[in-house]
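Q: Could we go through this structure together? I would like to start with the overall picture and then turn to the details.
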Amino acid sequence: MPDFLVKYQTNSWAGEALALSWNSFQYYDVTRAMEDFSCMRPTPFFCDTEITDKLKIAREIMDDDERLKAYQALGRLYREAAPSLFLIEHQDLFAYAPRVGHVKIRHRVPVYEEMTLR
């Protein structure tokens, strides 16, 4: 892992491909993944200035509907640019013995299933 992190931070990969998730965990914030695949990184491994400029603008939009439209447009741009190839779907697996009671899994914040919108 330390070797991976150095290569990730410095973009010093020996090959033409690397393993990296399109990761919006833990807040389910799509801009986290979009920023990882942008010119915003100090040493980007993928840099499309048009996408990055639109990402910077979208992150500043305060109106929910307008921001959603901007992120949807960005999603289409990323799909067309294809900076990554999805090989596997990430799954979270939790296990515990039947004798263990009152298990409540809280591996992310916020826990959307427990939220009530008003």
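**Contacts, helices and one residue**

A: In this predicted model, residues 24 or more positions apart account for 44% of the chain's contacts with a separation of 6 or more.

Q: How many helices and strands are there in the chain?
A: The chain has four helices and zero strands. Along the sequence the pattern is α-α-α-α.

Q: And what share of the residues counts as buried?
A: Of the 118 residues in the chain, 17% count as buried. The chain exposes about 9,500 Å², and carbon and sulfur atoms supply 55% of that area.

Q: Now the helices: at what angle do α3 and α4 cross?
A: The axes of helix α3, residues 49-58, and helix α4, residues 64-81, cross at roughly 160° and come within 10 Å. Angles over 145 degrees count as roughly antiparallel, so α3 is roughly antiparallel to α4. The crossing of α3 past α4 is left-handed.

Q: Which residues make that contact?
A: From α3 they are E50, I51, K54, L55 and A58. From α4 they are R67, A70, Y71, L74, L77, Y78 and A81.

Q: How do they divide into nonpolar, polar and charged?
A: In the contact of α3 with α4, nine residues are nonpolar, none is polar and three are charged.

Q: A different topic: where is T31?
A: T31 is in helix α2, which covers residues 30-36.

Q: Is T31 buried or exposed?
A: T31 counts as buried because its relative accessibility is 6%, and buried means under 20%.

Q: What is T31 in contact with, leaving aside neighbours within four places in sequence?
A: T31 is then in contact with L55, R59 and Y71. L55 of α3 and Y71 of α4 also take part in the contact between those two helices.

Key: Residues numbered from 1 in each chain as written. Predicted model: local features only at pLDDT ≥ 70, side-chain atom pairs only at ≥ 80, totals over all residues. Heavy atoms only, no water. Axes fitted to C-alpha atoms, helices over the stretch in contact; angles between N-to-C directions. Parallel < 35°, antiparallel > 145°, perpendicular 65-115°, else oblique. Left-handed = near helix turned anticlockwise from the far one by under 90°. Contact = heavy atoms within 4.5 Å. Nonpolar A, V, L, I, M, F, W, Y, C, P; charged D, E, K, R; others polar. Buried < 20%, exposed > 50% of the residue type's maximum accessible area, 1.4 Å probe, protein only. Areas by Shrake-Rupley, 256 points an atom, 1.4 Å probe, with all protein chains shown as cover.
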